[in-house]
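Please look through the sequence and the model displayed below before reading on. The paragraphs after them follow the sheets, the helices that pack on them, and the enclosed and open spaces.

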Amino acid sequence: MRPSRRAVITAATAAAVSASPGTAAAQPRKKLRTGFERLARNGYALLDGQKVGIVTNPTGITREVRHVVDVMHADTRVDLRAVFGPEHGFRGTAQAGGSEGRYDDPATGLPVYDTYLKSGRPLADIFTASGVDTVVFDIQDAGARFYTYIWTLYDCMEAAQLAGKRFVVLDRPNPVTGRAALGPVLHKEFATFVGRQPISQAHGMTVAELARLFNGEFLTEPVPLETVTMSGWKRSEFYDASGLPWVPPSPNMPTPETALVYAGTCMFEGTNLSEGRGTTRPFELLGAEGIDRRWAAAANGLALPGVRFREAYFAPTFSKFQGRTIGGVQVHVHDRDVFDPVRTGIALLVTARKVWDGFAWRPDHWIDKLTGSTRVRTMIDAGADTDEVVAAWQEDLAAFRAMRRKYLLYR
């Protein structure tokens, strides 16, 4: 029997809604299992006899959208004693640059300790005071060096070593694939919480792979480390192939599409332009007062692979230019397989400086912390074009790619 016209329209509408704008919708791979799912399926054997604490946030969920803390707390096979909250907090109530402080979780009664901006001995003392034997890490990353959760991972590994604790990392997908490392590599003298160690701007690794790299290359003394890998994940896959629900890892990372551009457009935090905070499309919308259609035209004229730019006007509800209508661009990725977020971000910086005479770096040179050296800022100021800036970091990047290779866990 032929389907009714209404059924055909409904099916077509559902397909259109499921597809990301400008990209083909991937068919979810039902067989993918996260590190937590594999840990639970094995009866939590890895945690047997251990007093457990977990570093997590709202992304630590099952595919049924239950939080792993709630699941483990209700399971007699796990002796869960404490939760450690990162930036934005365990339950996610804080904005950028904030945390939830120390409190008892109303849902479970567990003590929640604040790790944000804590490292070394002070963080080790928190682990000691909590009474745990093993610290577990389960947070969804966004794939960029300056996304702070990977440095929470690093700091917690270092502190666990100092406190004599065991460390377990439960893996989740890199939402923008693990195909390649891209962008400049941090120079150690520019180390901050948006980049503790010399890795590339888009690292192309999962958190378990990063933990192995941190332990093998950067920690003064390695921590007793175990990783629970995913099954069914391929390095070439974007997040929508996972079949997992997306929970914003932070308030300004609302969708996987945000993560796709973030490794490049977050560099606008280091300028006087809005990076789209306070809009529904943070890091996809960029702009400032006085910018008009010429920026989109200049960026489109570069014919960058996989991306187009739309003249856009918007009024951020908070952050830069709060409540004022500004002009700029919206970044539209139409072929994510060839899109390079870091090269695109550099091209947007170069063209913004050329078409808008109000362009300026933040007075504190935050761009140097984001990019990992003075090179991007000074080269753009000297009139370098996109190709010249990108060429300048290739030697450092090749060395990082070679180091990275031995810590990869997936094909």
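The text that follows takes the sheets and their helices in turn and then moves on to the pocket and the cavities.

The coordinates come from a predicted model, and a convenient place to begin is the open sheet of seven strands, whose order is β3-β4-β2-β1-β5-β6-β9 and whose pairing is mixed. At its edges lie β3, spanning residues 103–104, and β9, spanning residues 225–228, each of which pairs on one side only. Strand β3 is joined by two bridges to β4 (residues 111–114), and these two strands run antiparallel; within that pairing, tyrosine 103 has valine 112 of β4 as its bridge partner. In a sheet, strands pair through backbone hydrogen bonds, and they do so either parallel or antiparallel.

Helix α6 connects this sheet with another part of the description. On the sheet side, α6 packs against the strands and touches β5 (134–138), β6 (166–170) and β9, its direction making about 160° with that of β9. Helix α6, which covers residues 207–218, also meets helix α13, which covers residues 394–405, and the two axes come within 10 Å and cross at roughly 105°. Because angles of 65 to 115 degrees count as roughly perpendicular, α6 is described as roughly perpendicular to α13. From α6 the contact draws on Leu213, Glu217 and Phe218, while α13 contributes Phe400, Met403 and Arg404. Sorted by class, the residues of this contact comprise four nonpolar and two charged ones, with no polar residue.

Further along the chain there is an open sheet of three strands, arranged in the order β10-β12-β11 with antiparallel pairing. Its edge strands are β10 (285–288) and β11 (307–314), each of which pairs on one side only. On average, and with direction ignored, neighbouring strands of this sheet are turned by 25° against each other. Four bridges join β10 to the antiparallel strand β12, which comprises residues 326–333, and one detail of the β12 register is that glycine 287 has glycine 328 as its bridge partner. Helix α9 (residues 341–355) packs on this sheet and touches β10, β11 and β12, with its direction at about 50° to that of β11.

Turning from the secondary structure to the spaces in the model, the largest pocket has a volume of about 450 Å³. Its lining consists of 25 residues, and those that lie nearest the pocket centre are Glu87, Ala96, Thr148, Glu269 and Arg277. The lining of this pocket divides into 14 nonpolar, five polar and six charged residues.

How many cavities of 30 Å³ or more does the structure hold? There are two cavities that reach this volume, and the largest of them contains about 60 Å³ of space. Thr59, Ile61, Gln140, Arg172, Tyr239, Leu244, Pro245, Trp246 and Val247 line this largest cavity, and by class they divide into six nonpolar, two polar and one charged. The second largest cavity, with a volume of about 30 Å³, is lined by Ile139, Gln140, Asp141, Arg172, Pro173, Asn174, Met205, Thr206 and Val207. Its lining has four nonpolar, three polar and two charged residues. Gln140 and Arg172 appear in the linings of both cavities, and Val207, which belongs to the lining of the second largest cavity, falls within the residue range 207–218 of helix α6.

Notes. Residues are numbered from 1 along each chain as its sequence is written. This is a predicted model: local features need pLDDT of at least 70, side-chain atom pairs count only at pLDDT 80 or more; totals for chains, interfaces and linings use all residues. Side-chain values use heavy atoms; hydrogens and water are left out. On a 1 Å grid over the protein atoms alone, a cavity is a set of points where a 1.4 Å probe fits but cannot get out, and a pocket is an open set with protein on both sides within 12 Å along at least five of seven lines; lining residues have an atom within 4 Å of a point. Grid points are joined across faces, edges and corners, and a volume is the space filled by probe spheres set on the points. Ala, Val, Leu, Ile, Met, Phe, Trp, Tyr, Cys and Pro count as nonpolar, Asp, Glu, Lys and Arg as charged, and the others, Gly among them, as polar. Two strands pair if DSSP finds at least two bridges between them. Axes are lines fitted to C-alpha atoms, for helices over the stretch in contact, and angles run from 0 to 180 degrees between N-to-C directions. Contact means heavy atoms within 4.5 Å. Angles under 35 degrees count as roughly parallel, over 145 as roughly antiparallel, 65 to 115 as roughly perpendicular and the rest as oblique.
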